[in-house]
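Here is a short tour for anyone who likes strand registers and helix packing. Please have the model open as you read.

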Amino acid sequence: MAENAEILEALREHLAQKLKELDGVIGLRRAVEGTAPYLFHLGDDLSQLALEPRYPLGPIVSLLQKRYPQARFGVVARGCDLRALVEMAKRNQVDPQRLYVFGVACTGEEAEECHCSDPFPHLEKWPQGTTFGQPAPAGSPHPLLAEYHKIPLEERRAFWQKQFAKCIKCYGCRNICPECFCESCALEDPLWVEPGILAPPFPAFHLIRAMHMATRCVLCRQCELTCPAHIPLTVLYELIRQDVKEMLGYEPGADLEAAPPLSLTLADAAIRE
Amino acid sequence: MEYRNVLTVCPYCGAGCGLYIQVLDGEIVGVLPAKEHPVSRGKLCIKGWNATAFVNHPDRLKKPLIREGGSFREASWDEALSLVAEKLIQIRDTYGPQAIGFLTSAKCTNEENYLLQKLARSFFKTNNVDHCARL
Amino acid sequence: MAGEFEPKIIAFLCNWCSYAGADNAGIARLESPPNVLPIRVMCSGRVSPEMVLRAFKAGADGVLVLGCHIGDCHYISGNHRTAKRIPLLRKLLAYFGINPERLRLDWVSSAESTKFAKVTKEFVETIRALGPIEREIKG
């Protein structure tokens, strides 16, 4: 893609400069066998830096920052990566003070493919970073989302039951999610999700996950991409995001300084039902 | 401060899903699905997600162990294999070939699995051969 | 009436206010429906979405969460969390096709034994009209 090539050029130059002061930059490296996340160091061949396929880089930042508490890293982040980093920072998983963000704009086609409403990393409140590229127009919404509101209550269960009957409980959605970092996960607790049955009994697994994702999901869509059963998970999470916005006035990933409302008192974060 | 992803194939079944092992300073820290792999296309089943769990597991055997008097002691490969051969032949001669079953593994190569079934069928004269991926 | 559906309600009652309120309702011999199974928790904020869902799966046709009034929580702000969590959970239940009216949040203090009796009576009738949970969970 022509736009991506220009962005890549400028990005590589800036990275080469910044690597002189940073301990490393997390980005995608294109090797002969495939493209995967990598920690670039000064002197590495930056022509190998790539922008796709999209892997969630937030958890890798968190891992490296925890292993090296004094190090200063950089990360190549799209809009969704930055939103994930913002929400992780609010929960002490990522330290913004030690992270330089190389923000990268998504192209119009990429926004369309991801049905993304905000394909651009907004660095206004992030302590240090630069963006490359211009914001593209938002992608059109997920086709199922508009359909969903027309489905009456009695049929909604049937819709999700049919979808979740495909679930093989691989935990892929949870494993790949940047916001899932709990050391003991409720989904693995036999008290809440009955073990030994496939598909997991409706609706425990998915309802609990959706509820835990309220005020955390940044719509990076990695869960849906990783689901081997092609379950349209983001339709559900997008619905909850809309509710969280209407009822709590909160948008995950939008503002580094807005505290997550569910743990605040009503005085600090009221609810509108 | 080295972080990289090593492309490999899941050892657990015949599908052969591609996955990346996340390696931080030479230590395994996690797994990522390989999004460009033509078979798995960025998806993994639960075994794939936990494919690296056995590598550093405390229960992982590093030496042959022989049970004696209720506990295990370390032995050499020669001693262990001789003991196994002797006992299996004894069981076959006493109880017949159907008394023995052979379990192979997806973590072995096709050639190793071929050898084991050949041993089971040609030498021990039993068809009792199965594979961990079927369990 | 023979054959009329008797709803099974699970009520999570907070130790300091609503459970005491329920107790007082009993002491005052106020008539409360027998359909309600009380479960005492230390604070309504302890009630997690997993617990509510498990109650439904176990066969509860309705789940009632009763806590202290806002400002009276023994743990200061525990009920603030409940106040936000339960409405969100109701929305989520609706997306899954479970009628959100099956989950109700209310505030009952230890002195409000009449309110306890009233709320439980009302809730039982609401659930009676909605029918058994099996339709919505198993179908």
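## A small register in chain B

Let us begin with a single pair: Leu19(B) has Pro33(B) of S3(B) as its bridge partner. This is a predicted model, and that applies to every value below.

Strand S2 of chain B, residues 18–24, is joined to S3(B) by six bridges, and the two run antiparallel. Another pair in this register sets Gln22(B) opposite Gly30(B) of S3(B). The hairpin of S2(B) and S3(B) has two residues between the strands, and Asp25(B) there takes a positive phi near 50°.

## The sheet around it

On to the other neighbour of S2(B). Seven bridges tie S2(B) to S1(B), again in an antiparallel arrangement. Here Gln22(B) turns up once more, standing opposite Asn5(B). Strands of a sheet pair through backbone hydrogen bonds, in either a parallel or an antiparallel way.

Put together, the strands form an open sheet of three in the order S1-S2-S3 (chain B), with antiparallel pairing. S1 (3–9) and S3 (27–33) of chain B are the edge strands, each pairing on one side only. From one strand to the next, the twist averages 30°.

## Domains of chain B

How is chain B divided by the domain assignment? The assignment gives domain 1 (3–49), domain 2 (62–94) and domain 3 (96–135). Taken over C-alpha atoms, the centres of domain 1 and domain 3 of chain B are separated by 28 Å.

## Where chain C touches chain A

Now for the contact between two other chains. Chain C contributes 24 residues and chain A contributes 28 residues. On the side of chain C that touches chain A, the elements giving two or more residues are helix H2 (49–57) and helix H3 (78–95) of chain C. H3(C) gives the most to this side, with 12 residues. By class, the residues on this side of chain C are 11 nonpolar, five polar and eight charged.

## A helix pair across the contact

Which helix of chain A packs with H3(C)? Helix H10 of chain A, residues 233–248, does, at an angle of about 145° and with the axes 11 Å apart. The crossing of H10(A) and H3(C) is right-handed.

From H10(A), the contact is made by Leu236(A), Leu239(A), Ile240(A), Asp243(A), Met247(A) and Leu248(A). H3(C) brings Lys84(C), Pro87(C), Leu88(C), Lys91(C), Leu92(C) and Tyr95(C). Sorted by class, the contact of H10(A) with H3(C) has nine nonpolar, no polar and three charged residues.

Note on methods. Residues numbered from 1 in each chain as written. Chains lettered and ligands numbered in written order. Predicted model: local features only at pLDDT ≥ 70, side-chain atom pairs only at ≥ 80, totals over all residues. Contact = placed C-beta atoms within 7 Å. Helix = DSSP H or I, 4+ residues; strand = E, 2+ residues; numbered from the N terminus. Nonpolar A, V, L, I, M, F, W, Y, C, P; charged D, E, K, R; others polar. Domains from an automatic or database assignment. Pairing = 2+ DSSP bridges. Axes fitted to C-alpha atoms, helices over the stretch in contact; angles between N-to-C directions. Left-handed = near helix turned anticlockwise from the far one by under 90°.
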